[in-house]
Amino acid sequence: KQQLQSFSDGNYVDVGGALEQLVVSDGLDLSSDSTPLIGAILALAAGLIAIPQLADAADKPIADYSAGMTKKILLAGALLHNPEVVILDEPLEAVDPVSGQLIQEILRAYVARGGTVILSSHVMQLVEGLCDHVAIIAGGQVLLEGPPNEAIGALDGQVWSKLVDSDAELRAIEADMTLISTHLVGGRHEVRVLAPQAPGEGFVPAGAGLEDVYFTRLAAGRA
């Protein structure tokens, strides 16, 4: 328990794998003075969001749970004290969609009650849907910071997409246009390019997103 003493400050740090050896009730008892912590409903951040699944976890080692369940347990321990700021690294990594949705609901409820979440992620869809302020950092340099809607709006009308079948056409686009990204869709390449107007035959307007901002800023930073 001395290894886990820092939990009382709302920080959840696993020291030497000790956390994995705890059952949920032990881990959360170390995190809060309030009791009981495990029951039909575990209230998070003053009780707006409940996680009934944790009621069944009281006597089971945390190491035996899935990645999604483990992250919910860790988040519960971090938020029980209702800290002013929570810092998360890739909060939805290796998490199933249901758990991911629940974690996002928990974080939104925490923010609605006055908390602040600082998170790092390479999943731009998550950042775009969850954050009200973003910063893109590469090589120790801040390439962009501000509200995501402003960053996305700056690319309005300049993102175009096309499905490409051949590698030769893909290479030609890479050579002649400002390529943002490529994705495989049903065995075909979906290319997204940056241009003030339609850059060629077959290109259609594509709504800009934070991923487009991310790739264009990274490319500009390397130029």
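Begin with the whole protein chain in view, coloured by secondary structure, and you will find seven helices and ten strands. Keep in mind throughout the tour that this is a predicted model. The chain has 223 residues, of which 41% count as buried, and its accessible surface comes to about 12400 Å², with 51% of that area belonging to carbon and sulfur atoms. If you look at contacts between residues at least 6 apart in sequence, 58% of them join residues at least 24 apart.

**First stop: the sheet with β8 and β9**

Select strands β8, β9, β7 and β10, which in that order form an open sheet of four strands with antiparallel pairing. Which strands stand at the edges of this sheet? They are β8 and β10 (residues 204–205), and because each has a single partner strand, one side of each is left without a neighbour in the sheet.

Now narrow the selection to β8 (residues 178–185) and β9 (residues 188–194), which run antiparallel and are joined by seven bridges. These two strands form a hairpin with two residues between them, and in the turn you can pick out Gly-186, whose phi is positive at about 60 degrees. To see how the two strands face each other, select His-183 and find Glu-190 of β9 standing opposite.

While you are in β8, select Ser-181, which lies in this strand. Is Ser-181 buried or exposed? Its relative accessibility is 6%, so Ser-181 counts as buried, the limit for that word being under 20%. Setting aside neighbours within four places in sequence, the residues in contact with Ser-181 are Glu-190, Val-191, Arg-192, Glu-211 and Phe-215.

**Second stop: strand β7 and Lys-162**

Move next to β7, which pairs with β10 in the antiparallel sense over two bridges; here Ser-161 stands opposite Val-204 of β10. Then select Lys-162, which has its place in β7, a strand that covers residues 159–164. Lys-162 is buried, because its relative accessible area is 17%, which falls under the 20% limit.

Show the side chains around Lys-162 and ask which side chain makes a polar contact with that of Lys-162. The partner is Glu-169, and the distance to look for is 2.6 Å. Glu-169 is also one of the residues in contact with Lys-162 when neighbours within four places in sequence are left aside, and the others are His-189, Glu-190, Val-191, Glu-201, Gly-202 and Phe-203.

**Third stop: Glu-84 and a nonpolar patch**

Leave the four-stranded sheet and select Glu-84, which you will find in the loop between α2 (67–79) and β3 (85–89). With a relative accessibility of 67%, Glu-84 counts as exposed. Apart from residues up to four places away in sequence, Glu-84 touches Tyr-110, Gly-115 and Thr-116. Of these, take Thr-116 and draw a distance between its C-alpha atom and that of Glu-84: the two residues are 32 residues apart along the chain, yet these atoms are separated by 6.2 Å.

Finally, turn on the surface and select Val-85, Ile-87 and Ile-118, which together make a nonpolar surface patch of about 300 Å². One of these residues, Ile-118, lies in strand β4, which spans residues 116–120. Ile-118 counts as partly exposed, because its relative accessibility is 47%, a value between the limits of 20% for buried and 50% for exposed.

Technical notes:
Residues numbered from 1 in each chain as written. Predicted model: local features only at pLDDT ≥ 70, side-chain atom pairs only at ≥ 80, totals over all residues. Heavy atoms only, no water. Patch = residues over 30% accessible without salt bridge, like charges linked within 9 Å, V, L, I, M, F, W, Y side chains within 5 Å. Areas by Shrake-Rupley, 256 points an atom, 1.4 Å probe, with all protein chains shown as cover. Salt bridge = Lys/Arg side-chain N within 4 Å of Asp/Glu carboxyl O. Buried < 20%, exposed > 50% of the residue type's maximum accessible area, 1.4 Å probe, protein only. Contact = heavy atoms within 4.5 Å. Polar contact = N/O pair within 3.5 Å; in protein donor to acceptor, adjacent residues only side chain to side chain. Pairing = 2+ DSSP bridges.
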